[in-house]
Amino acid sequence: MKVDLNKEFSLPGTGVQAWTFLQDIRGVASCMPGAEITEDLGDGNYKGKVKAKIGPATMAFNGDIIIKNIDVEKRELHMIGKGQDSKGSSSATMDLRAWVEDTDDGKCVLQGVATVTVNGKAASLGGRMMTQVADQMLNQFGKSFANNVASMGEGEEAETARGKIAEQPAELNGLAFAWSVFVGWLKSLFSSKK
Amino acid sequence: MAKQAVSFTLNGKTVDVLVEPRELLIHTLRENLNHTGAHIGCETSHCGVCTVDVDGESVKSCTLLTVQAAGSDVKSVEGMASADGLHVIQQAFVDEHGLQCGFCTPGMLMRAYRFLQENPDPSDEEIRWGMSGNLCRCTGYQNIIEAVKTAAKNLQQA
Amino acid sequence: MIPSGFEYHKATSIADAIAKLRDNEDAKLLAGGHSLLPMMKLRFSEAPYLVDINGIDGLKGISIDGDTITIGAMTTESELIRSDILQQYCPLLVEAAKLVADPQVRNRGTIGGDVAHGDPGNDHPAVMLALDAQLVIHGPDGERTIPANGFFLGTYWTALEEFEILVAIKVPALKSGTGHGYNKLKRKTGDYAVAGSAVVVEMNGDIVRDIRIGLTNVAPMAIRAEAAEDLIRGKRIDDVLLKSVEKAIVEVCDPAVDLRGDEEYKSHMAAIMARRSIIQAIENAKE
Amino acid sequence: MDKVADKQEREGSLNGVGCSRKRKEDARFIQGKGNYTDDIKMPGMLFADMVRSPYAHARIISINKEKALALPGVHAVITAEDLKPLNLHWMPTLAGDVQAVLADEKVHFQYQEVALVVADDRYIAADAIDLVEVEYEELPVLIDPHKAMTDDAPILREDLVGKMEGAHSSRKHNNHIFNWQAGEKESTDRVFDAAEVTVSQDMVYHRVHPCPLETCGCVASMDKINGKLTVYLTSQAPHVVRTVVSNLSGLPESSIRIVSPDIGGGFGNKVGIYPGYVASIVASIVLGVPVKWVEDRMENISTTAFARDYHMRGELAADSNGIIKGLRVNVLADHGAFDSCADPSKFPAGFMHICTGSYDIPVAHLNVDGVYTNKAPGGVSYRCSFRVTEAVYVIERTIDVLAQKLGIDKAEIRRRNFVKKEQFPYKTCLGFELDSGDYHTALEKVLDAVDYKGLRREQEEKRAKGELMGIGLVTFTEVVGAGPSKSCDILGVGMFDSAEIRVHPTGSVMARMGTITQGQGHQTTYAQIIASELGITSDEIAIEEGDTDTAPYGLGTYGSRSTPVGGAATAVAARKIKAKAKKIAAHLLEVSEDDLEWEVDRFKVKGVPGQEKTMKDIAWAAYNNVPDGMEPGLEAVDYYDPPNFTFPFGAYLCVVDIDKDTGVTDIRRFYALDDCGTRINPMIIDGQIHGGLTEGYAVAMGQEMPYDEEGNLLGNTLMDYFLPTFVETPKWETDYTVTPSPHHPIGAKGVAESPHVGSIPTFTSAMVDAFAHLDVTHMDMPHNAFRVWKQIKALGLLDN
């Protein structure tokens, strides 16, 4: 299953702040409940895992993240994430380009284009839930990302944002994810515009 | 996981088994208790070939943990016939050619057994709805409907 | 298809069940098991600890007190269908339950499980919305009752907090001048709805005084078609109005694409199911 | 009068051919005492489970068994590397190709077998497969067969690179399997060039799965002391399996016993030889204990034996009266990753050349190209003779298109083109000799029964009101009963079949056949044939099949071949016994054989009342009082090699109403008239027809196996894969005519597949007919509500 996604997120901080945060792979990963970078292999290669849970469903993916390119001029990140679930029955790949654009009000938007591919049992069985789980993950991730960007500023707003980051649950609402969750995470970055 | 001792009644006799909590009733019946009448068809609770009767209700035994059946009264196709011979429903399936490969038949019979107690005088339409949790690939259902009707008639006369 | 190993506890009381949920990481409640066990057999769920709440006193049964019907969360679909109280005072629930899965599954599947699971394809959530049901929830901090409207937050996502259990559902008894309709389109018995709609109307002569339209499987969760309701409220139904209602329903849908259909088809089917339910509801409100 | 009554009573008590005898096999099934493969338990038996690929096309970088082997209760993890030294990592398919037993360096389709785990029980095995770590490198995936032979298509079968001579023809491309043609291309093209009218219709006969309720499985048991391998397995062709296993293992066939126990439905799914069987046999040989392997439902739908996936174009040339002058059929056949269909060797596209149907077509040309894609392998006959379903579909659809173009009613155009009764035996231009038929009578009987004119009037009225009602009509001819050895073989073994009958001293009978029942009721019907032939009541005739240690060699049951071939062998073997019995009777009665006449169950001396010997008398004598020079005993074997195929036919009519709002179809009426020649057991025939129609309904209206571009099969549980329940299944009306096969010993033709073959185009015909007034000529299956609604919308028929 392949899904092409485009997404735009309005962010509370400046373009510079957002771009700084976007380059922090560990930070970006942390916006996703249940995800973490486990190893920095150098040269833009990381190992990571996502334990995805929603309702009664769980799925654990181990995978590689490869930073293909960081274009400072365009403030664009090109990365590929590849993961296989720990049972070897499903896998997911995301090819992602994300960039930060300034807006007129001194703030910015995060833009993204991604192709997500899911193989195996998750694709065979998860079709019914894929999009919907992804959509609801979107808000969670968006909030976290925005909080992180906001927290980079000064003052009360940033303080509140830092508080929110701290409160962020380890899993989505303590409920978390369906089998399609890895896609959900990926797609949550860049859910399709309707 | 540690095994648990579970007792229940199977076709009127008490049985004791030692099972992991995850063991499904269909496996206990088939593997542990050598009651291989009920079968496994889809494993996602769609086909009904594993249907048995638990405490007076039709249940898909592939979707019930054996530990959940503790203390229950379980009836399977093996318990249908008596010393007097075949159950009226079994005979009706033979008479109306309500089976071919026979794989769905034990589940079908157990469902019909319970259904006819829930609705002793069903219409064709009611049979179709009442039996809709059991799939058959051979008969096209038409003769099973006849069999259930015949059984209903004979049960009422009996 | 065999589940991975887990520990099993048959809860003796609601408090016991809550305690076990709290004390065991990733513990899950086992109600009817007909959603959970298939997921576990496919190993999409590997809950390490199951708390079986079958057999807890007080979680089953249907009673009526004044205008309020109370249904225990562990009441099975079959019990809903057989209930004289519901037949007489809330036939919508009976009709919806009849279209859930198949007879064997209805013998195990419970209304509470159906509502709390948070699957947008489940049938009762839309019915709960149409009935304006109240959900009684027990948790570590005691009991709270919240409206069904607002309970369904997304796919497998409800307003239930950690370690909370849905224990009962309260729905209003049918009043005179009230009507209901339920329609569900599905490919075959046992399948999830392509789209479904539950409708409750309160009539004032041939004017619709109030209406609630619940929709199944056309969004990440069961939803109310509020814009469509607004169009109808205070009006007399006619073909022109129904056309605009259909449009409003298509607008509110955001279904998942699968073998049952694409977004367009499912959204339109939701509109057709809702139209049929509205007509049906108004018809039987007259009786 | 008494004599007549006595004769009738004796005839009736035989329970022979023509009576609706209750089934012999039912007693065990209704009491839960069937013995299916998964019911079999052996001491010390272990369980196997399969590690499968999540990818459709990928290279295997590494397989790490350690964690799995460390799990208590796990005995072995077997991979292609383990099979290589035994040269068992690949196996021959029945279609002249090879198939990986366990993926050898790369995987070619999603869910392909990668490693077999053997453990104490199925729970441990299931845990262990999750622990086998396989590292893959993804490769480009080929799913669309139309792109298989393009220049930039990925190479799927690296094992075939450079081998441009295939089993059936030279190969044009590495993803090409074969090209197969029948008929005359040039003369057909000339007819088309000169024709007054031509029509052309593209159609996809989508990929489906037979999906019997019992999945495939086996119990392999190697007895190392005696050197004997016993395998219980779900096979529609146990003897062929024994030959293949012997070839693969090097064990003599006498050291291999294959048993097909009770089979929970086959429908073509259980003809093939699957990796799970072979791997389990290897595991049993290696471990020295019995090993059981049983698929789960997802594995069944995803990996073993799909059917169809034919992408067809049908073209007809005709005159302005609708008289057909020529037929062209072009097929692109998607076989998936390995060509593992089970057609007779000479027919890589089966009997697709029956595509001239019931019609008198002067000239035709058929072209079939088979290609590889990254999908599950197969191409089996799902409740039909080899590709006959596809052939009937293409001709029946295309003739409807012709009728539509010419404005001729679809019943009328068939009347005009039928092979006439007096033309039989009729040689078709693509090489079959239709042995018998009476198509006009069948059609008219159906049209009268349903009041066809009245239905058309009703349809007119409905169309005027904007309602959608369709009438489907199909008049099909099947070719079944493969088949004459001169043209049909499987792996070089001629497609005869066999029967061995023993009459015991007391006159009861034990008979064994080379076929194997999967619900068809052979134990009942074969006994009826013998009963009528030998005058012994069928209740005293025991039938056994499926055990290669005891049954005579036979090719098995598929392609409706049991009655045409096995049934013929049974009748001929019985006649051999009867011939000997006549000699014994003459001896006992001290008359010449010429003085004897047969009556129901005895030989009588002509013109001398009371001088007679019953078959029971003769059976006793066969063991103690035979004529000089005759060997004692009363038994016979027949290996029947049929002189021709049989050609069952039928006329089916279907009426549908379509809900414009939802696309939901109501099959209001389905009338099926079948002519299967002599009717052995009408009750069983009706049952077979109900079942076949229901499977046809499933295929036409809902079954599908969609793959996404990455090669993921979407929908491989019974949640998604459409098996109709009691509620959706229409009510069937059946009817018949009887046109016996002139070459079959008892005139029977076979019946179980006709309703599947015939009903599918009937549904499509009805669906298209509902839209025919809007110039729709074809709609591809499945006709589910979603797709129908799309059609309604595309035609602008939605109310808004």
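This report looks at aromatic contacts and paired strands in the structure above. The model is predicted.

**Aromatic pairs**

A pair of aromatic rings is described by the distance of the centres and the angle of the planes. Over all chains, the structure holds 34 aromatic pairs. One of them joins B:Y141 and D:F726. The rings are tilted, with 35 degrees between the planes and 4.3 Å from centre to centre. This pair crosses between chains. B:Y141 lies in the loop between α4 (124-130) and α5 (142-157) of chain B. D:F726 lies in the loop between α17 (682-701) and β33 (733-736) of chain D.

Are these two residues buried or exposed? B:Y141 has a relative accessible area of 0%, which is under 20%, so B:Y141 counts as buried. D:F726 also has a relative accessible area of 0% and is buried.

A second example is the pair of D:F432 and D:F645. Here the rings meet edge-to-face. Their centres are 5.6 Å apart, and the planes make an angle of 75 degrees. D:F432 sits in the loop between β19 (426-427) and β20 (433-434) of chain D. D:F645 sits in the loop between β30 (635-640) and β31 (649-658) of chain D. These parts are 213 residues apart in sequence, so the pair ties together distant stretches of the chain. D:F432 and D:F645 are both buried.

Both residues also belong to one aromatic cluster. Its other members are D:W180, D:F347, D:F351, D:F386, D:Y558 and D:F647.

**Charges over rings**

Rings can also face a charged group. In chain D, the charged end of an arginine sits over the ring of D:F306, and another sits over the ring of D:Y736.

| Charged residue | Ring | Distance from ring centre |
|---|---|---|
| D:R207 | D:F306 | 3.3 Å |
| D:R679 | D:Y736 | 3.5 Å |

**Strands in chain B**

Now to the strands. Which way do β1 and β2 of chain B pair? Strand β1 (residues 4-10) and strand β2 (residues 13-19) run in the antiparallel sense, with seven bridges. B:A5 stands opposite B:L18 of β2(B). The two strands form a hairpin, and two residues lie between them. In the turn, B:N11 has a positive phi of about 50 degrees.

β1(B) has another partner, strand β5 (residues 73-75) of chain B. This pairing is parallel and has two bridges. In it, B:T9 has B:D73 of β5(B) as its bridge partner. Thus β1(B) pairs with β2(B) in the antiparallel sense and with β5(B) in the parallel sense.

How values were computed
Residues are numbered from 1 along each chain as its sequence is written. Chains are lettered from A and ligands numbered from 1 in the order in which they are written. This is a predicted model: local features need pLDDT of at least 70, side-chain atom pairs count only at pLDDT 80 or more; totals for chains, interfaces and linings use all residues. Side-chain values use heavy atoms; hydrogens and water are left out. Rings of Phe, Tyr and Trp (its six-membered ring) pair if their centres lie within 6.5 Å; planes under 30 degrees apart count as stacked, over 60 as edge-to-face and the rest as tilted. Helices (H or I, at least four residues) and strands (E, at least two) are DSSP runs, numbered from the N terminus. Buried means under 20% relative accessible area, exposed over 50%, partly exposed in between (1.4 Å probe, protein chains only). A charge sits over a ring if NZ of Lys or CZ of Arg is within 6 Å of the ring centre and within 35 degrees of the ring normal. Two strands pair if DSSP finds at least two bridges between them.
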